[in-house]
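Thank you for making time for this today. I would like to walk you through one protein, and I will explain each term as it comes up.

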Amino acid sequence: SLPAGRKDLVLPPSVDDAPTVADVLAAARQAVAAARAAASFGLEDLQGPTVEQQFHSIRAKLAEVPIRTVVDTAQWFRDQPSDGARCALLLALLELTRRGFVLLNQAHQAAPIRIKALCEVPEDIQVEEQAFALTA
């Protein structure tokens with residue numbers, strides 16, 4: 001028998017299907033995990049920038065230099081107000097690299113990170129995963 005609200009056991013749920021109890025429990029578990037992760041940071045860090053805000057900051061800084069210019073990010077990290085903000089900056093740089101907007105180079109462990117924009121970072125860039133949307 002099908003769970004209440006589900007029309008098919010083989011196909012993934014469609015937008016027409018009502019959520020099942022299992023769907024609600026899974027969403028609740030995700031919400032609790034996200035809340036615990038956010039709570040594990042101090043209140044100071046909860047006020048820090050999000051990864052998405054860091055995208056926009058990086059975009060603005062890269063707009064000041066020609067495409068494919070090597071940029072040292074050491075000062076960017078020093079300018080961050082907290083460890084959480086530095087983490088959000090690193091996550092944003094890694095995500096921009098993953099999406100192909102920038103190249104990232106770090107010569108060795110603990111060396112400054114240098115980046116090079118391959119193209120303009122879009123103004124409307126957003127985080128894809130809600131987990132990244134949490135503040136650092």
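I will begin with how the model was treated, then take the overall layout, and after that a few individual places.

What you see is a predicted model, in which local features need pLDDT of at least 70 and side-chain atom pairs count only at pLDDT 80 or more, while totals for chains, interfaces and linings use all residues. Residues are numbered from 1 along each chain as its sequence is written, and side-chain values use heavy atoms, with hydrogens and water left out.

Let me turn to the overall layout. The protein has six helices and three strands, where helices (H or I, at least four residues) and strands (E, at least two) are DSSP runs numbered from the N terminus. Following the sequence from its beginning, you meet these elements in the pattern α-α-α-β-α-α-β-β-α. The accessible surface comes to about 9000 Å², and carbon and sulfur atoms hold 58% of that surface; such areas come from the Shrake-Rupley method with a 1.4 Å probe, and for residues only the protein chains shown count as cover. Of the 136 residues, 28% are buried, where buried means under 20% relative accessible area, exposed means over 50%, and partly exposed lies in between, again with a 1.4 Å probe and protein chains only. As for contacts, which means heavy atoms within 4.5 Å, those with a separation of 6 or more are made up to 60% by residues 24 or more positions apart.

Next, the strands that pair. Strand 2, residues 102-106, and strand 3, residues 113-117, run antiparallel and pair over five bridges; two strands are said to pair if DSSP finds at least two bridges between them. One of these bridges joins Leu-103 to Lys-116 in strand 3. Six residues sit between the strands of this hairpin, and Ala-110 in the hairpin has a positive phi near 70 degrees.

Why would one remark on a positive phi at all? Most residues other than glycine have a negative phi. A further case is Arg-68, whose phi is also positive, near 70 degrees, and which is found in the loop between helix 3 (51-63) and strand 1 (70-72). With a relative accessibility of 54%, Arg-68 counts as exposed.

Now to the charged side chains. Taking a salt bridge as a side-chain nitrogen of Lys or Arg within 4 Å of a carboxyl oxygen of Asp or Glu, the count comes to five. One of them brings together Arg-59 and Glu-120, at 3.2 Å from N to O. This pair links distant parts of the chain, with Arg-59 in helix 3 and Glu-120 in the loop between strand 3 and helix 6, 61 residues apart. Their C-alpha atoms are separated by 7.7 Å. Which residues does Glu-120 contact, once its neighbours within four places in sequence are left aside? They are Arg-59, Ile-67 and Phe-101. Glu-120 nevertheless counts as exposed, with a relative accessible area of 59%. Together with Glu-123, Arg-59 and Glu-120 are linked in a network of salt bridges.

Two further salt bridges bring us to helix 5. Arg-86 forms one with Asp-83, where the closest N and O atoms are 2.7 Å apart, and because these two residues are three apart in helix 5, they are separated by about one helical turn. Arg-86 is partly exposed at 27% relative accessibility, while Asp-83 is exposed at 53%. Arg-98 and Glu-95 meet in another, at 2.6 Å from N to O, and they too lie in helix 5, three residues apart, about one turn of the helix. Is each partner here buried or exposed? Arg-98 is exposed, with a relative accessible area of 55%, whereas Glu-95 is buried, at 8%.

Helix 5 also gives us the last place I want to show. Leu-90, Leu-91 and Leu-94 make a nonpolar surface patch of about 220 Å². Patches are made of residues with over 30% relative accessible area and no salt bridge, with like charges joined within 9 Å and nonpolar side chains (Val, Leu, Ile, Met, Phe, Trp, Tyr) joined within 5 Å. Leu-91 lies in helix 5, residues 83-98, and is partly exposed, with a relative accessible area of 36%.
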